[in-house]
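The report that follows describes one protein model, moving from its strands to its cores, its aromatic rings and its domains. Please keep the sequence and the coordinates at hand while reading.

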Amino acid sequence: MKQIAQLVLKSQKLKNDISGIENLIRAMLKKHGSPLMIIRRCVLEKQYNRFRKCLPEVTPYYAIKANPHPAIIKTFIKLGACFDVASANEMKQVLRLGASPSKIIFANTIKSEADIATARKRRVKFMTFDSEPELYKLAKHCPKAKVLVRIKVTNEGSVVELSRKFGADPDQAFLLLRKAKTLGLIPAGISFHVGSQSRNVENYIQALEISAGIFNEAKENGLRLKVIDIGGGFPIQHFDNELGINFERMASHIRKQIKELFPRNVKFIAEPGRFLVGPAGILVTQVIGRTFRDNKNYYYINDGIYADFSGMVFDHCKYEFKTLRRGQKFLSAIAGPTCDSLDTLSMNEEVPELYVGDVVYVKNIGAYSCASAVPNFNGFPPAKIILV
Ligand SMILES: *Cc1c(COP(=O)(O)O)cnc(C)c1O
């Protein structure tokens, strides 16, 4: 009985959410036109607070590459967040908006000499690295930088694989940190990244175990490490009925492992990107043309793979297309506006019959979407971004 009541409640909540979102879409469309990326501040706050609540020992550094819109960064500054940047330009942007240099990690393991010098000048001294040649560059251009060695860890079950490009062999980690010390840098600890949209909590569990081994090895050799950076990768639900993604459960496993393996004085940080901004974004597009091909309706909308759906290429992401129109649904194709057939977004989408001007919208598209959009391919601009 109780379960049924809960289910009813859940579906009622979803219905209310949907009607709230649809009213928001209608109002914003009237005001701003389309394509339009609506970022909801309340969801940014909700995700940030969820992260803090589920992993209270872990300080989140928002990875701004997921969505570097100034209003988003400002929102996170207000919430007290720290930031993960990958270049001098990202660093300057975050600083310009008011973040303190002490709240930034420069977490690209390969940096240009000019970018390292900028970090020194701007007093951003917390960095990751994963190779010896990089240490010489850091020692030369930013002496006394506080460094974390990024280790290579399993990325199994993650949608975006990162271990092919980054990470030192764990058995070299201690040696690299010791070398950092002899070069006048401050060896602070370890970082890893389990790959983006990691559905497999085992990746974090294993990576923490490997890190604990390196901490012990360092301690036995007289080097006290203090920081573990568990990276990003925390997954979100892209579809309403997607199963198997449960951040709360994942976080409680991670917490348990942290408590089991490390003393209380070890400091933990993370670099969530997608988790903090993905659920906040709603992309609103409109049908600009329709035709009938290969036995199905084709709808052409005013945003595509070169712009706000770029995540389909770069982030290997799939999205759920929704409409404001109700009624019987037919298998249909949805394509973007450009003259490239790569710009086909779906060949089998269940949607009601649509007309020119009708809205097609996508939720949970705040991360890795507008961030990687081409400014004006074929003359089609990406969506206007608004925060509500
Ligand atoms: C991309 C990236 C992140 C953010 O990853 P998410 O999967 O979006 O959480 C964090 N850290 C580094 C080093 C990254 O490259």
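## Strand E17 and its partners

In this predicted model, Thr285 stands opposite Val360 in strand E17. The pairing behind that position is between strand E12, residues 281-293, and E17, which run antiparallel and are joined by 4 bridges. Strand E14, residues 321-323, is also antiparallel to E17, with 3 bridges joining the two, and here Phe321 stands opposite Val362.

Which residues of E17 lie on either side of the strand, and are they buried or exposed? Strand E17 spans residues 359-362 and is covered on both faces, with Val359 and Tyr361 buried on one side and Val360 and Val362 buried on the other. As background to this arrangement, side chains in a regular strand alternate between the two faces of the sheet.

## Strand E6 between E5 and E8

Strand E6, residues 146-150, has 4 of its 5 residues buried, so the strand is largely enclosed by the rest of the structure. Strand E5, residues 126-129, pairs with E6 in the parallel sense over 4 bridges, and within this pairing Thr128 has Leu148 of E6 as its bridge partner. E6 also runs parallel to strand E8, residues 186-191, and 5 bridges join these two strands; there, the bridge partner of Val147 is Pro187 in E8.

The connection from E5 to E6 involves a helix as well: E5, helix H6 (residues 132-141) and E6 make a right-handed β-α-β unit.

## The nonpolar cores

The largest nonpolar core has 98 residues, and the members that touch the most other members are Phe76, Phe192, Ile230, Phe234 and Ile254. Helix H8, residues 201-220, gives the most to this core, contributing 9 residues. The core draws at least three residues from each of the two domains, namely domain 1 (19-38 + 281-387) and domain 2 (42-277). Apart from this core lies another one, of 13 residues, which includes Leu36, Ile282, Tyr361 and Ile386.

Phe234, one of the core members that touch the most others, is buried, with a relative accessible area of 2%. When its neighbours within four places in sequence are left aside, Phe234 is in contact with Phe51, Leu55, Tyr204, Phe247, Ile254, Ala270, Pro272, Arg274 and Phe275.

## Aromatic pairs

Across the whole structure, a search finds 16 aromatic pairs. One of them is formed by Phe234 and Phe247, whose rings are edge-to-face, at 6.0 Å centre to centre and with 85° between the planes. Why does this pair tie together parts that are apart in sequence? Phe234 lies in the loop between strand E10 (227-229) and helix H9 (247-261), whereas Phe247 is in helix H9, so the pair links parts that are 13 residues apart in sequence. Phe247 counts as buried, at 2% relative accessibility.

The rings of Phe262 and Phe268 have planes at 75° and centres 5.3 Å apart, so this pair is edge-to-face as well. Phe262 is buried, with a relative accessible area of 9%, and Phe268 is buried with 3%. Ring pairs also link Phe51, Tyr204, Phe234, Phe247 and Phe275 into a cluster, and the other four members of that cluster appear among the contacts of Phe234.

## Leu261 in helix H9

Leu261 is found in helix H9 and counts as partly exposed, at 32% relative accessibility. Not counting residues up to four places away in sequence, Leu261 touches Leu208, Glu209 and Ala212. The C-alpha atoms of Leu261 and Ala212 are separated by 6.4 Å, although the two residues are 49 residues apart along the chain.

## The two domains

The protein is divided into domain 1, which comprises 19-38 + 281-387, and domain 2, which comprises 42-277. How far apart do the C-alpha centres of domain 1 and domain 2 lie? These centres lie 33 Å apart. Where the two domains meet, 17 residues of domain 1 are in contact with 19 residues of domain 2, and the largest nonpolar core likewise draws at least three residues from each domain.

Methods: Residues are numbered from 1 along each chain as its sequence is written. This is a predicted model: local features need pLDDT of at least 70, side-chain atom pairs count only at pLDDT 80 or more; totals for chains, interfaces and linings use all residues. Side-chain values use heavy atoms; hydrogens and water are left out. A nonpolar core is a set of buried Ala, Val, Leu, Ile, Met, Phe, Trp, Tyr and Cys residues joined through side-chain atoms within 4.5 Å. Buried means under 20% relative accessible area, exposed over 50%, partly exposed in between (1.4 Å probe, protein chains only). Domain bounds come from an automatic or database domain assignment. Contact means heavy atoms within 4.5 Å. Two strands pair if DSSP finds at least two bridges between them. A crossover is right-handed if, with the strands pointing away from the viewer, the path from the first strand over the helix to the second runs clockwise. Rings of Phe, Tyr and Trp (its six-membered ring) pair if their centres lie within 6.5 Å; planes under 30 degrees apart count as stacked, over 60 as edge-to-face and the rest as tilted.
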